[in-house]
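This briefing sets out how the strands and helices of one model are arranged. Please keep the sequence and the structure in view while reading.

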Amino acid sequence: MATTLTAFGPEIWIARGPTVTAAGGFHYPTRMAVIRLNSGDLFVWSPTALSDDLRAAVAALGEVRHLVPPNVLHHVFLGDWQAAWPGARVYAPPGLRRKRADIRFDEDLGDAPVAAWAGEIDAVVMRGNLIATEIVFFHRESRTALFTDLIQHFRRGWFGGWRAVVARLDLMEGAVPAVPRKFRLAFADRRAARAALDAVLAWPAERLVMAHGEPVTEGARIVIADAFRWLRA
């Protein structure tokens, strides 16, 4: 499997990983990001399958020091990355320590800023969702917001048969990026979700990277606000 790192903005690169199969036989494209901090250390967001090509491309940028799974659903390849860079710190979003007892976690992700990237990468914990508590990140230098599952955008025709019908009803597939209906319904604490959204929308985001969708290169703040308009209703 050949994977290419592509520059997405100042000190940020993205790579498309393999398509993975989830419950019900739904096929999901995957995407990860690499951010180079002022120190030269690398922050890897939502690491995908680690091929030889990808490993070499990442190593050419610097030393991986931070492995960051953003929720309990994006962890499958984490062990391979930890084995490749055993000196990297591995961060646990809420719930992942219990799910992956085989992984050595060094720090929990929460509301407190992580000292290693404070002032360069901001984070907001999207609480109140029964499926997953997602950590949304913002890279200041490139003005890039990073969403994992809470915003998705599949091109029309990605799914076939009955799955295409389900995907359209779930709002995974449509004209614009959206929060899937299953995640909307899973927000049991909308007050907490709205507070987190306010913090996200305070970021001057120009770009948007989604694990499941094509990247947005301009007007990201408006795209995010539109995707969450239902939460204000």
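What handedness does the β-α-β unit made by E6, helix H1 and E7 have? In this predicted model, the unit formed by E6, helix H1 (residues 52-61) and E7 is right-handed. The points below begin with the sheet that contains E6 and E7, then turn to a second sheet and its helices.

**The seven-stranded sheet**

- Seven strands make up an open sheet with mixed pairing, and their order is E1-E2-E5-E6-E7-E8-E9.
- The edges are taken by strand E1 (5-9) and strand E9 (107-108); each has a single partner strand, so one side of each is left without a neighbour in the sheet.
- Strands of a sheet pair through backbone hydrogen bonds, in either a parallel or an antiparallel sense.

**Parallel pairs and crossovers from E6 to E9**

- Strand E6 (residues 41-45) is paired with strand E7 (residues 63-68) in the parallel sense, over five bridges.
- Within this pair, phenylalanine 43 is found opposite histidine 66 in E7.
- E7 is also paired in the parallel sense with strand E8 (residues 89-92), over two bridges.
- Here leucine 67 has valine 90 of E8 opposite it.
- E7, helix H2 (residues 78-84) and E8 form a β-α-β unit that is right-handed.
- E8 pairs in turn with E9, in the parallel sense and over two bridges.
- Alanine 92 and aspartate 108 stand opposite each other in this pair, with aspartate 108 in E9.

**The four-stranded sheet**

- An open sheet of four strands follows the order E10-E11-E12-E13, and its pairing is mixed.
- Its edge strands, E10 (121-126) and E13 (207-210), each pair on one side only.
- On average, neighbouring strands of this sheet are turned by 20° against each other, direction ignored.
- Strand E11 (residues 134-139) pairs with strand E12 (residues 144-147) in the antiparallel sense, over three bridges.
- Histidine 139 has threonine 144 in E12 as its bridge partner.

**Helices on the four-stranded sheet**

- Helix H6 (residues 190-201) packs on this sheet and touches E10, E11 and E12.
- The direction of H6 makes about 165° with that of E10.
- Helix H7 (residues 220-227) lies across E12 and E13 and runs at about 55° to E13.

**The contact of H6 with H7**

- How are H6 and H7 oriented relative to each other? Their axes come within 10 Å and cross at roughly 165°; angles over 145 degrees count as roughly antiparallel, and H6 and H7 are therefore roughly antiparallel to each other.
- The crossing of these two helices, H6 and H7, is left-handed.
- Leu197, Val200 and Leu201 of H6 meet Arg221, Ile224 and Ala225 of H7.
- By class, the residues of the contact of H6 with H7 comprise five nonpolar, no polar and one charged.

Methods
Residues are numbered from 1 along each chain as its sequence is written. This is a predicted model: local features need pLDDT of at least 70, side-chain atom pairs count only at pLDDT 80 or more; totals for chains, interfaces and linings use all residues. Side-chain values use heavy atoms; hydrogens and water are left out. Two strands pair if DSSP finds at least two bridges between them. Axes are lines fitted to C-alpha atoms, for helices over the stretch in contact, and angles run from 0 to 180 degrees between N-to-C directions. Contact means heavy atoms within 4.5 Å. A crossover is right-handed if, with the strands pointing away from the viewer, the path from the first strand over the helix to the second runs clockwise. Angles under 35 degrees count as roughly parallel, over 145 as roughly antiparallel, 65 to 115 as roughly perpendicular and the rest as oblique. A crossing is left-handed if the near helix is turned anticlockwise from the far one by less than a right angle, and right-handed if clockwise. Ala, Val, Leu, Ile, Met, Phe, Trp, Tyr, Cys and Pro count as nonpolar, Asp, Glu, Lys and Arg as charged, and the others, Gly among them, as polar.
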